[in-house]
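Visitor: I am new to this structure. Please pick one part and take me through it closely, starting with a charged side chain and working inward.

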Amino acid sequence: MWRSWGKSTVKIHDTSSSPSPSTHFACSSFKDLPDLCLDDDVDESDSSSSQFSTSKKPLPSIFHRVRLASSLLRSWSTRPPESVFNGQSGPSISFPGAEKRIVLYFTSLRVVRRTFEDCRAVRSILRGFRVSIDERDLSMDSGFLTELQQILGQRKLTLPRVFIGGRYVGGADEIRQLHETGELKKIVQGLPAVEPGVCDTCGGYCFILCDECHGSHKLYNDKTGFMCCIACNENGLIRCPSCSCAPP
């Protein structure tokens with residue numbers, strides 16, 4: 001009535017024979033588990049033969065692949081911008097003193113948050129080098145917009161835009177990237193240094209009220225009546241003659 005303990009009806013496959021595509025793997029103990037984690041590269045040994053030879057190769061560690069991907073991303077992120085180091089000369093500016101200073105086109109208006117934050121970040125980076133900077137605020141003088149459009153040959157522009165030594169460098173992304181890699185410090189080397197501090201005349205705004213119209217942008221003449229002041233911009237402002245923003 002009871003089954004004999006001497007014999008077992010469980011069949012164990014012979015693992016010494018060559019496996020075939022239809023053969024299922026049988027594992028009789030946990031010692032074979034590491035072999036299950038290896039890739040089997042099956043190559044056809046002979047076109048006239050139906051047998052396959054297996055070669056077991058361990059997969060690369062997940063940590064190794066993560067390190068490899070991280071190193072590639074790091075190398076790409078630290079690559080200098082092509083507009084500066086690809087051997088091609090970009091747009092340049094030729095007004096007096098541009099080759100000895102940084103020229104920054106930006107806006108101080110908070111109308112577009114992203115643009116305002118980019119301009120503020122770039123100004124902070126450039127001011128940290130304590131070199132001569134010609135800051136051209138488009139919100140203070142619309143003539144700077146026309147000037148920048150003519151230089152770059154574009155109607156629609158994003159701010160800020162930076163020129164160093166008379167050569168175009170780029171916008172906010174390029175300045176941040178160059179600053180992180182240390183290349184920006186090399187570019188500004190040789191530019192005249194300025195003393196730290198704020199201009200006592202304009203308070204760091206680079207503009208003061210016009211002496212002719214006192215900021216009204218209007219002049220009165222007995223013969224012609226009111227007329228526009230030609231000594232200032234549309235806001236009744238002129239460039240500060242005392243600070244480093246003023247052209248030489």
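Guide: Start at Arg-114. Its relative accessibility is 55%, so Arg-114 counts as exposed; the cut-off for that word is over 50%. Keep in mind that this model is predicted.

Now find the partner. Arg-114 forms a salt bridge with Asp-118. Their closest N and O atoms lie 3.2 Å apart. Both residues sit in helix 4, which covers residues 113-127. They are 4 residues apart, which means that about one helical turn separates them. The burial of the two ends is a contrast. Asp-118 has a relative accessible area of 10% and is buried, whereas Arg-114 is exposed.

The pair does not stand alone. Asp-173 and Arg-176 join Arg-114 and Asp-118 in a network of salt bridges. In total, the structure holds 10 salt bridges.

Stay with helix 4 for one more of them. Arg-123 forms a salt bridge with Glu-135, with 3.1 Å between the closest N and O atoms. This pair links distant parts of the chain: Arg-123 is in helix 4, Glu-135 is in strand 4 (residues 133-137), and 12 residues separate them. Glu-135 is buried, with a relative accessible area of 4%.

Next, move along strand 4 to Arg-136. Arg-136 forms a salt bridge with Glu-147, and the closest N and O atoms are 2.6 Å apart. Distant parts of the chain are linked here too: Arg-136 is in strand 4 and Glu-147 is in helix 5 (residues 143-152), 11 residues apart. Arg-136 is buried at a relative accessible area of 6%. Glu-147 is partly exposed at 23%.

Helix 5 leads on to strand 5. The loop between helix 5 and strand 5 holds Pro-160. Look at the peptide bond that joins Leu-159 and Pro-160. That bond is cis, with omega about 5°.

Now for strand 5 itself, residues 161-164. Which way do its side chains point? Arg-161 and Phe-163 point one way. Val-162 and Ile-164 point the other way. All four are buried. In a regular strand, side chains alternate between the two faces of the sheet.

Strand 5 has neighbours to trace. Strand 3 (residues 102-106) pairs with strand 5 in the antiparallel sense, over 4 bridges. One bridge to look for puts Ile-102 opposite its partner, Ile-164. Strand 6 (residues 167-170) also runs antiparallel to strand 5, joined by 3 bridges. There, the bridge partner of Val-162 is Gly-170. Strand 5 and strand 6 form a hairpin with 2 residues between the strands. In this hairpin, Gly-165 takes a positive phi near 65°.

Then turn to the nonpolar core. The largest one has 39 residues. Val-162, Phe-163 and Ile-164 are among the members that touch the most other members. Ile-102, Tyr-105, Leu-126 and Leu-184 are the rest of that group. Several elements give two or more residues to this core, including strand 3, helix 4, helix 5, strand 5 and strand 6. Helix 6 (172-181), helix 7 (183-188) and strand 7 (207-209) do so as well. Strand 3 gives the most, with 5 residues.

Take Phe-163 as a case. What does Phe-163 touch, not counting residues up to four places away in sequence? From strand 3 and just before it, the list includes Arg-101, Ile-102, Val-103 and Tyr-105. Leu-148, Ile-151 and Leu-152 are on it too. So are Tyr-168 and Val-169. Pro-91 and Ile-93 complete the list.

One stop lies further along, before strand 7. Cys-206 is in the loop between helix 7 and strand 7. It is not a glycine, yet its phi is positive, about 70°. Cys-206 counts as buried, at 2% relative accessibility. After strand 7, in the loop towards strand 8 (218-221), comes His-214. Its phi is also positive, near 60°. But His-214 is exposed, with a relative accessible area of 62%.

Finally, step back to the whole. The protein has 7 helices and 10 strands. Of its 248 residues, 29% count as buried. Take the contacts between residues at least 6 apart in sequence: 62% of them join residues at least 24 apart. The protein exposes about 17,800 Å², and carbon and sulfur atoms supply 54% of that.

Key:
Residues are numbered from 1 along each chain as its sequence is written. This is a predicted model: local features need pLDDT of at least 70, side-chain atom pairs count only at pLDDT 80 or more; totals for chains, interfaces and linings use all residues. Side-chain values use heavy atoms; hydrogens and water are left out. A salt bridge is a side-chain nitrogen of Lys or Arg within 4 Å of a carboxyl oxygen of Asp or Glu. Buried means under 20% relative accessible area, exposed over 50%, partly exposed in between (1.4 Å probe, protein chains only). Two strands pair if DSSP finds at least two bridges between them. Contact means heavy atoms within 4.5 Å. Accessible areas come from the Shrake-Rupley method with a 1.4 Å probe; for residues, only the protein chains shown count as cover. A nonpolar core is a set of buried Ala, Val, Leu, Ile, Met, Phe, Trp, Tyr and Cys residues joined through side-chain atoms within 4.5 Å.
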